[in-house]
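Biologist: I am new to this one. Please show me the structure, and then I will ask about it piece by piece.

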Amino acid sequence: MTDFKIKDIGFDEYFEKSTSEILNNSNNKDLIPARVIRINKRYYTLFSDEGEFLARIKGKIRHKSEVQSELPIVGDWVLMRKSDNNAFIDTILTRKNILYRKANIKKNDIQAIVSNIDYVFIIVALDNEMPMSAIARYLSIAHTSEIKPIIAISKIDIYPKSEFEELLKNIKENYPNEIVFGYDAKTGNNAKKFLEYIKKNTSSVFIGASGSGKSTIINYLLKKEKMKTSEVREYDFKGMHTTTHRELLVLEGGGVVIDTPGLRNLDLWEDDRGIKKTFEDLEELSKNCKFKNCSHQHEPDCYILKLLDEGKIPYERYEAYIILLNENKRLQKTSTQIKKDRKTALKKIMKYKNDYKKINKNLKK
């Protein structure tokens, strides 16, 4: 990354403004802006205009962080301080957004995956039958995080063209408002489609099941073997966790890409905004149901069931909608204390919302 500057990898006017406000309101004029590109246990690899540094976080950050998600994550912009051969993260700049999901272990925390992202590429392998509900889950998480999702079908040259066209048609019928395309990284067939979105000053993250081809397409776009890859097991069509960590990489044109480990257990948060966005047409149609709290499963005069019977709603889309709605309802039934803790955790790491709007508003003046 020695040929790049921070402005090539997303340090835009928003982060410049945020940095200036902090430096002008403190005596820390020697702080340097940098981006977190990798995390290795206690150390963070940072990229700045002065090069890469291995850094630790200041004690004040760790002590003030009540939830894990408040600590630095890949994609964060930070202000660091150099001291001889050491570097320390002094401040985490206000995030634009966070791709997050419910933590599997801590019930009162959320897992922040990456931050400051423009696009989420959901990689769906043609050789691994992913149910529409799984795609809906990825879409809902992207929409909840307010990041633009794009569905990319990998390995289209392995199987007959008819199979790819059938899957493409199926996905488009079930998710008509989403961008969907197919590609094959090994042959390069339509792989340049990614570059229509991954441009200078943009940041993209690749998510999907293990073995779906995330690392393979990133290697193709980088034009070198940077990420390890592995094949899908033939006996159960499941991939191995080839990628074991998140790492920010830069293409020749300056676009940032981040690979992630395969997300097998993708638990939703209690926030249902992502579900409503993914199924906004069904949400609008549900206003015609007889009951406001209609579950769309057994109630009389349910408009959704009526359209389903008439064949006007694809069954797989309906099924995915119901699965996520039911899961969200189960989450809402958790204990009062857990719900309170979760809201506190979410509020803490989503505090960037108001700050981001405030800084953007000042930029437009």
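Biologist: Where is the place of N190?

Modeller: First, the ground rules: this is a predicted model, where local features need pLDDT of at least 70, side-chain atom pairs count only at pLDDT 80 or more, and totals for chains, interfaces and linings use all residues. Residues are numbered from 1 along each chain as its sequence is written, and side-chain values use heavy atoms, with hydrogens and water left out. Strands are DSSP runs of E, at least two residues, and helices are runs of H or I, at least four, numbered from the N terminus. N190 sits in the loop between β10 (179-182) and β11 (203-208).

Biologist: What is the phi of N190?

Modeller: Most residues other than glycine have a negative phi. N190 is not a glycine, yet its phi is positive. The value is about 65°.

Biologist: N116 also has a positive phi, near 55°. Is N116 buried or exposed?

Modeller: N116 is found in the loop between β7 (110-115) and β8 (119-125). Buried means under 20% relative accessible area, exposed over 50%, partly exposed in between (1.4 Å probe, protein chains only). The relative accessible area of N116 is 6%, so N116 is buried.

Biologist: Which residues of α1 are exposed?

Modeller: Helix α1 covers residues 13-24. Its buried residues are Y14, F15, S18, T19 and L23. They fall within an arc of 160° seen down the axis (taken from the directions from the helix axis to the C-beta atoms), so they line one face of the helix. On the other side, the exposed residues are E13 and N24.

Biologist: Which residue caps the N-terminal end of α1?

Modeller: Look for a side-chain oxygen by the backbone nitrogen of Y14. The two atoms lie 3.1 Å apart. The oxygen belongs to D12.

Biologist: Which helix gives the most to the largest nonpolar core?

Modeller: A nonpolar core is a set of buried Ala, Val, Leu, Ile, Met, Phe, Trp, Tyr and Cys residues joined through side-chain atoms within 4.5 Å. The largest has 66 residues, and L99, I135, I153, I171, Y175 and F279 touch the most other members. One helix, residues 132-144, gives eight residues to this core. That helix is α3.

Biologist: How far apart in space are I258 and V74?

Modeller: I258 lies in strand β13 (residues 256-259) and counts as buried at 0% relative accessibility. I258 touches V74, among others (contact means heavy atoms within 4.5 Å). The two are 184 residues apart in sequence. C-alpha to C-alpha, the distance is 8.5 Å.

Terms used: The expected span of a helix is 1.5 Å times one less than its number of residues. A polar contact is a pair of N or O atoms within 3.5 Å; within protein, one must be able to donate a hydrogen and the other to accept it, and residues adjacent in sequence count only if both atoms are side-chain atoms. Lists of a residue's contacts leave out its neighbours within four places in sequence.
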